Amino acid sequence: MAATRDKKQRLSVYLDPDLKRRLADFADRREQSASLIAEAALASFLSPDADERKEAAVVKRLDRIDRNLLRLARDLEITNETLALFVRSWLNSTAPLPESEQAIARAAGGQRYEKFIEALGRRFASGPKLHDEIIDRIAIKRVPPTQPE
């Protein structure tokens, strides 16, 4: 009777046609029976460490998201500091205009602003990003000049 207990037992299940096709395709590629693949999948699903593997995968994804958020916060801080430095520099170096010249200056400023917005749109659409330009400039400074032979 001990031999009966060791013998595999039959189980009939209903599968979605697409899942059945995928199982058959996978089994064919591995040159294994669909029954063996399904048995391994069930064993993996029911194993006590399956939850630990799922948790590890979630933790890995959360760590990646956390690193991305930290990088984003750093980039935002750099952007804020850059803008603040520019505004302070501009305010310190630009003298106020007399009343008689302000209307002309506003008109010229409006035209320059429109050109700025167009250039910004082009840059976002296809141009290099500031981050890329900074990295390129840093890389160029790090490369020692070559000596002529």
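Glu31 is out in the open in this predicted model: its relative accessible area is 72%, and since anything over 50% counts as exposed, Glu31 falls on the exposed side. This residue sits in the loop between H2 and H3, and it comes right after H2. Its backbone is a bit unusual to look at, too: Glu31 has a positive phi of about 55° although it is not a glycine.

Stepping back along the chain leads into helix H2 itself, which covers residues 17-30. A quick check on its length works out nicely. With 14 residues at 1.5 Å a residue, H2 should span 20 Å, and its end C-alpha atoms are indeed 20 Å apart, so the two values agree. At the start of H2, Asp16 gets involved through its side chain: one of its oxygens comes to within 3.1 Å of the backbone nitrogen of Asp18.

Charged side chains come next. Side chains of opposite charge can pair when their charged atoms come close. Searching the whole structure turns up six salt bridges. One of them joins Glu39 to Lys8, with 2.9 Å from N to O. This pair ties together distant parts of the chain, as the partners are 31 residues apart: Glu39 belongs to helix H3, while Lys8 lies in the loop between helix H1 (2-6) and H2. The two partners also differ in how much they are covered. Glu39 has 37% relative accessibility and so counts as partly exposed, whereas Lys8, at 62%, is exposed.

Helix H2 has a salt bridge of its own, between the side chains of Arg21 and Asp25, at 3.2 Å from N to O. Here both partners lie in H2, four residues apart, which is about one turn of the helix. Arg21 is partly exposed because its relative accessibility is 43%, and Asp25 gets the label partly exposed with 31%. The pair isn't working alone, either: Asp18, Arg21, Arg22 and Asp25 are linked in a network of salt bridges. Asp18 has already come up above, as the residue whose backbone nitrogen is approached by the Asp16 side chain.

Further along the chain, Asp75 and Arg74 also meet through their side chains in a salt bridge, with an N to O distance of 2.7 Å. Asp75 has a relative accessible area of 29%, so it is partly exposed. Arg74 is partly exposed as well, at 42%.

The surface has a nonpolar side to its story, too. Leu11, Val13, Leu15, Leu19, Leu42, Phe45 and Leu46 form a nonpolar patch there, and together they offer about 740 Å² of accessible area. Helix H3 (residues 34-46) is the main contributor, giving three residues to the patch. One of the patch members, Leu46, is placed in H3, and its relative accessibility of 65% is over the 50% mark, which means that Leu46 counts as exposed.

Ser47 makes a handy contrast with Leu46. Ser47 is found in the loop between H3 and helix H4 (49-93). Its relative accessibility is 18%, and because buried means under 20%, Ser47 counts as buried. The side chain of Ser47 also has a backbone partner: it reaches the backbone oxygen of Ser44 at 3.0 Å.

Terms used:
Residues are numbered from 1 along each chain as its sequence is written. This is a predicted model: local features need pLDDT of at least 70, side-chain atom pairs count only at pLDDT 80 or more; totals for chains, interfaces and linings use all residues. Side-chain values use heavy atoms; hydrogens and water are left out. Patches are made of residues with over 30% relative accessible area and no salt bridge: like charges are joined within 9 Å, nonpolar side chains (Val, Leu, Ile, Met, Phe, Trp, Tyr) within 5 Å. Accessible areas come from the Shrake-Rupley method with a 1.4 Å probe; for residues, only the protein chains shown count as cover. A salt bridge is a side-chain nitrogen of Lys or Arg within 4 Å of a carboxyl oxygen of Asp or Glu. Helices (H or I, at least four residues) and strands (E, at least two) are DSSP runs, numbered from the N terminus. Buried means under 20% relative accessible area, exposed over 50%, partly exposed in between (1.4 Å probe, protein chains only). The expected span of a helix is 1.5 Å times one less than its number of residues. A polar contact is a pair of N or O atoms within 3.5 Å; within protein, one must be able to donate a hydrogen and the other to accept it, and residues adjacent in sequence count only if both atoms are side-chain atoms.
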